[in-house]
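Biologist: I'm new to this one, so could you walk me through it with a few questions and answers?

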Amino acid sequence: MSNVGFRIFTKIKRPDKNVVELFRGLPVANIADEMNRVNCVDARIKPVSKKPLLGTAFTVRARIGDNLMFHKALDMAQPGDIIVVDGRGDVVNSLTGEIMMRQAMKKGLAGVVIDGAVRDADALRELDLAIYAAGITPQGPYKDGPGEINVPVCIGGVVVQPGDILVGDGDGIVVIHPKDAAGTAAKAQGKFAKEQVTFKAIEEGTLDRSAYSDEAFIKRGCEIIDDYYE
Ligand SMILES: O=C([O-])CC(=O)C(=O)O
Ligand SMILES: [Mg+2]
């Protein structure tokens with residue numbers, strides 16, 4: 001276990017599928033709000049396809065510009081896994097493309113998240129697979145290694161451990177440790193339900209906006225000037 005930088009751990013402690021399913025359909029913003037606004041992968045990593053993301057992390061630490069370990073992960077990962085590739089944010093070389101993503105889809109993987117670039121973007125956009133990446137470039141990857149599989153990685157400023165739960169939608173991705181999953185999902189459900197009530201109140205014109213009244217602003221020390229700025 002001392003060959004740091006070029007090693008493969010074959011085992012992952014995956015959470016129960018029912019625990020993962022607690023997050024299905026929940027907006028990522030609602031989950032993140034109930035995690036005190038932490039654990040969101042930063043805005044560089046964007047959806048490439050339209051499919052929402054939900055599954056458990058199968059991690060890859062790639063050498064910059066090199067997808068040898070990513071290819072190995074593709075053979076090792078199981079249905080429901082998300083291959084999470086720490087490419088150190090480098091977007092000079094793409095780390096994957098249509099051929100690999102079609103294999104991921106065929107295997108029933110839940111998606112791919114790359115802190116790095118992809119190519120074959122026009123095809124990837126249409127695939128029935130959740131794909132997130134930090135960039136797009138036609139310049140292809142090397143396949144020489146080294147790299148690591150199923151070690152903790154960092155993507156978009158968030159540490160991801162093998163087996164962590166990832167949820168993604170059009171906003172981006174939030175990472176949840178399985179131990180925190182049940183409590184977080186319950187709170188996020190509550191937040192989601194509360195927002196539905198808010199939407200209804202907007203429709204009915206009954207939403208309470210008193211926190212934004214002139215009186216409330218004056219109480220905060222704001223000066224309200226009934227004139228033009230000149
Ligand atoms: O050449 C590669 O490894 C990446 C690629 O374009 C593909 O998978 O289609
Ligand atoms: Mg290709």
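Modeller: Sure, and one term before we start: helices and strands here are DSSP runs numbered from the N terminus, with at least four residues for a helix and at least two for a strand. Keep in mind that this is a predicted model.

Biologist: Good. Which helix gives the most to the shell around ligand 1?

Modeller: The shell includes Gly97, Glu98, Ile99 and Met100. A helix covering residues 98–106 supplies 3 residues, the most of any contributor. That helix is α4.

Biologist: And how do the residues of that shell divide into nonpolar, polar and charged?

Modeller: Besides the stretch I just named, the residues around ligand 1 include Asn67, His71, Arg119, Asp120, Pro141 and Lys143. Glycine goes with the polar group in this scheme. The split comes out as 3 nonpolar, 4 polar and 4 charged.

Biologist: How far is an oxygen atom of ligand 1 from an N or O atom in the side chain of Lys143?

Modeller: Let's go through some polar atoms around the ligand. A polar side-chain atom of Asn67 sits 2.9 Å from a ligand oxygen, and a polar backbone atom of Ile99 is 2.9 Å from an oxygen of ligand 1. For the side chain of Lys143, the distance to a ligand oxygen is 2.4 Å.

Biologist: How much of the accessible area of ligand 1 does the protein cover?

Modeller: Taken on its own, ligand 1 has 270 Å² of accessible area. The share of this that the protein covers is 89%.

Biologist: Let's step back. How many helices and strands are in the chain?

Modeller: The chain has 230 residues, and 41% of them are buried. Its C-alpha trace spans about 70 × 45 × 35 Å along the principal axes. As for the elements, the count is 7 helices and 12 strands.

Biologist: α6 caught my eye. Where is its kink centred?

Modeller: Helix α6 runs over residues 178–204, and its 27 residues reach 39 Å from first C-alpha to last, close to the 39 Å expected. Several of its residues are buried, among them Ala181, Ala185 and Thr184. The helix has a kink of about 30 degrees, centred on Thr184.

Biologist: Is Asn30 buried or exposed?

Modeller: Asn30 belongs to helix α2, residues 28–33, and its side chain makes a polar contact of 3.3 Å with the side chain of Glu195. Buried means under 20% relative accessible area. Asn30 has a relative accessibility of 2%, so it counts as buried.

Biologist: Now the backbone. Which peptide bond is cis, with omega near 0 degrees?

Modeller: Most peptide bonds are trans, so a cis one is worth pointing out. Look in the loop between β7 (130–136) and β8 (147–149), where you'll find Pro146. The cis bond is the one from Gly145 to Pro146.

Biologist: What phi does Arg88 have?

Modeller: Most residues other than glycine have a negative phi. Arg37, in the loop between α2 and β2, has a positive phi of about 65 degrees although it is not a glycine. Arg88 is in the loop between β4 and β5, and its phi is positive too, at about 60 degrees.

Biologist: Last one: is Arg88 buried or exposed?

Modeller: Exposed means over 50% relative accessible area. Arg37 is at 65%, so it counts as exposed. Arg88 has a relative accessible area of 67%, so Arg88 is exposed.

Notes. Residues are numbered from 1 along each chain as its sequence is written. Chains are lettered from A and ligands numbered from 1 in the order in which they are written. This is a predicted model: local features need pLDDT of at least 70, side-chain atom pairs count only at pLDDT 80 or more; totals for chains, interfaces and linings use all residues. Side-chain values use heavy atoms; hydrogens and water are left out. A residue is near a molecule or strand if one of its heavy atoms lies within 4 Å of it. A polar contact is a pair of N or O atoms within 3.5 Å; within protein, one must be able to donate a hydrogen and the other to accept it, and residues adjacent in sequence count only if both atoms are side-chain atoms. Accessible areas come from the Shrake-Rupley method with a 1.4 Å probe; for residues, only the protein chains shown count as cover. The expected span of a helix is 1.5 Å times one less than its number of residues. The bend at a residue is the angle between axes fitted to the seven residues ending there and the seven starting there. Buried means under 20% relative accessible area, exposed over 50%, partly exposed in between (1.4 Å probe, protein chains only).
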